[in-house]
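Me: I have a structure open that I have not looked at before, and I would like to go through it with you. Could you take me around it a piece at a time?

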Amino acid sequence: MRILVIGSGGREHALVWRLAQSPGAHALFATPGNPGMARLATLVPIGDGAPGTLLALAESIDADLTVVGPEAPLVAGVVDEFRAAGRKIVGPTAKAAQLEGSKIFAKQFFRDAGIPTAAFLAAESPDHALQALDRFNYPVVIKADGLAAGKGVVIAPDRASAESAIRNLGGRLVIEEFLSGEEVSFIALTDGRNVVPLAPAQDHKTVFDGETGPNTGGMGAYCDSRILNGAGAQRILDSIIRPTVEATRFTGFLYAGLMMTAGGPKILEYNVRLGDPETQPILHRLRTDLAAVLLAAAAGELGGVTLDWDPGPSVCVVMASGGYPGKFDSGFPISGINEAEAAGATVFHAGTRLGPHGLETAGGRVLGVTASGADLAEAIDRAYSAAGAIHFERMHYRRDIGAKGLRRYNQNVGTGT
Ligand code: AMP
């Protein structure tokens, strides 16, 4: 099988890394890829990245299967383009990708399909939103409608901050009931009928330890089957994922950002692709042949497919550029990756490039240092001792990735009930 992966981040490096271990994957390509992927796949320039360009690229390398990492090509219709030309691809159509593209669309869909979610009101304008505030208690959640890379959500503790959030965000908004509970990332692979759940994960969104500082694309994640008990996972599948797949015939990776509330799991948002950084620890634990599973997904043949996981949890620590998620400089030399890998971790590249003197930083999130262990504490130790070997100027990373999992186990409180 000749397989093309679209994307250039840590998520796509993890896909290429796991695919490289599939006996059926004879040739791997990545577009545009990154220096980490270059050791495992042939990198191909992405051009303008438009659906037609990506199809021509897949045809030129005669790809048997294409896997899409980021949301932009999905929203632009790359899956529709490939299917019309009879080429196999894993991902949702542009129509199904709207579940991520518009928060108002998604919330109205949840309501119509009877999927548990926070009570909400869709406001067409800031004035409308200001009037609607009377109907909510505090804290209240204000969300911008469109794709905002995690920056369009404000949790307002009181009326004055809600009003200023409404004015700052502007445009179409969702006003939403605040939910308390623990957040879980639950991803399922589907062919439009059959649903195959991945192991659950938890993300760490804020830049600093202890859930402080501004939100980022994700500073780390861990994957541990104990995040959900069997009943919790079943409830998510029955009340959230399956009704969505039945109503939309969604294909590809459906990522549910969930709040595990006292009243059961509720959906905060869908992403229409794998999460980054959740993919890195999830795929680190996957034992099943990934190429075979993805081919089955693209062919509509996921019936009867189940995934097999290493029992030990895994942890991914993101090493970021100084200043991220705000302004940062690039071009700092990176050292210590071989030492980190010798210490038992897998280092996924996210924002790196090859400069005149070797590997250097080229983005906000630079590397994802990922390790597994017999238990969560061991996985955390391994990831952090490997991270300790890596250096680039002004780097920073959180020191508490996975700690919320350890806390929960120590208190013996399950998330799924
Ligand atoms: P979203 O983009 O909708 O996933 O929101 C981003 C983050 O804001 C989530 O990961 C939560 O941490 C938080 N959040 C969003 N909606 C709510 C809500 N209704 N109640 C509490 N926290 C929320």
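**A first walk through the model**

Reply: Let us begin at P139, which lies in the loop between helix 7 (126–132) and strand 7. The peptide bond that joins Y138 to P139 is cis, with omega about 0°. Please keep in mind throughout that this is a predicted model.

Me: And what about the bond from D276 to P277, cis or trans?

Reply: The bond from D276 to P277 is cis, with omega near 25°, and P277 sits in the loop between strand 17 and helix 10 (279–285).

Me: Now the ligand: which residues come nearest to it?

Reply: The ligand has 15 residues around it, and those that come nearest are K143, E176, E177, L179 and E183. A polar side-chain atom of E176 is 2.7 Å from a nitrogen atom of the ligand, while a polar backbone atom of L179 lies 2.8 Å from a nitrogen atom of the ligand. On the side chain of E269, an N or O atom is 3.1 Å from an oxygen atom of the ligand.

Me: How much of the ligand's area does the protein cover?

Reply: On its own the ligand has 470 Å² of accessible area, and the protein covers 91% of that.

Me: Which strands supply the shell, and what classes of residue are in it?

Reply: At least two shell residues come from each of strand 7 (140–144), strand 8 (153–156), strand 9 (173–177) and strand 17 (264–271). Sorted by class, the shell has eight nonpolar and seven charged residues, with no polar ones.

Me: Switching to helix 6, which of its residues are buried?

Reply: In helix 6, which spans residues 103–113, the buried residues are I104, A106, K107, F109 and F110. They pack against helix 5 (94–101), strand 6 (120–123), strand 9, helix 9 (230–248) and strand 17, and two of those partners, strand 9 and strand 17, also supply residues to the shell around the ligand.

Me: What happens at the start of helix 6, and what follows it?

Reply: At the start, a side-chain oxygen of S102 comes to within 3.4 Å of the backbone nitrogen of I104. After the helix comes G114, which has a positive phi, near 70°.

Me: What about positive phi in residues that are not glycine?

Reply: E211 is one of them, with a phi of about 55°, and its place is the loop between strand 13 (206–208) and strand 14 (212–215). R249 also has a positive phi, near 55°, and is found in the loop between helix 9 and strand 16 (251–261). Relative accessible area is 42% for E211, so E211 counts as partly exposed, and R249 is partly exposed as well, at 48%.

Me: How big is the largest nonpolar core, and which members touch the most others?

Reply: The largest nonpolar core has 70 residues, of which I241, Y270, V315, L367 and I390 touch the most other members. Helix 13 (residues 376–387) gives the largest share of this core, seven residues. Apart from it there is another core, made of 39 residues that include V5, A201, Y255 and L302.

Me: Is there a general reason for such groupings?

Reply: Nonpolar side chains tend to be buried together in soluble globular proteins.

Me: And S314, is that buried or exposed?

Reply: S314 is buried, because its relative accessible area is 0%. This serine belongs to strand 18 (residues 314–320), and its side chain reaches the backbone oxygen of P281 at 2.7 Å. Beyond the four nearest places in sequence, the residues that S314 touches include A221, Y222, H284, R285 and A379.

Me: How does S330 fit in?

Reply: S330 is in the loop between strand 18 and helix 12 (337–342), and with a relative accessible area of 34% it is partly exposed. Leaving aside neighbours within four places in sequence, S330 is in contact with R353, T361, A362 and G363.

Me: Then T361, buried or exposed?

Reply: T361 is buried, at 0% relative accessible area, and lies in strand 21 (residues 358–361). Again setting aside neighbours within four places in sequence, the contacts of T361 include S321, D329, S330, V366 and F392.

Methods. Residues numbered from 1 in each chain as written. Predicted model: local features only at pLDDT ≥ 70, side-chain atom pairs only at ≥ 80, totals over all residues. Heavy atoms only, no water. Core = buried A, V, L, I, M, F, W, Y, C linked by side-chain atoms within 4.5 Å. Buried < 20%, exposed > 50% of the residue type's maximum accessible area, 1.4 Å probe, protein only. Helix = DSSP H or I, 4+ residues; strand = E, 2+ residues; numbered from the N terminus. Near = heavy atom within 4 Å. Polar contact = N/O pair within 3.5 Å; in protein donor to acceptor, adjacent residues only side chain to side chain. Areas by Shrake-Rupley, 256 points an atom, 1.4 Å probe, with all protein chains shown as cover. Nonpolar A, V, L, I, M, F, W, Y, C, P; charged D, E, K, R; others polar. Contact = heavy atoms within 4.5 Å.
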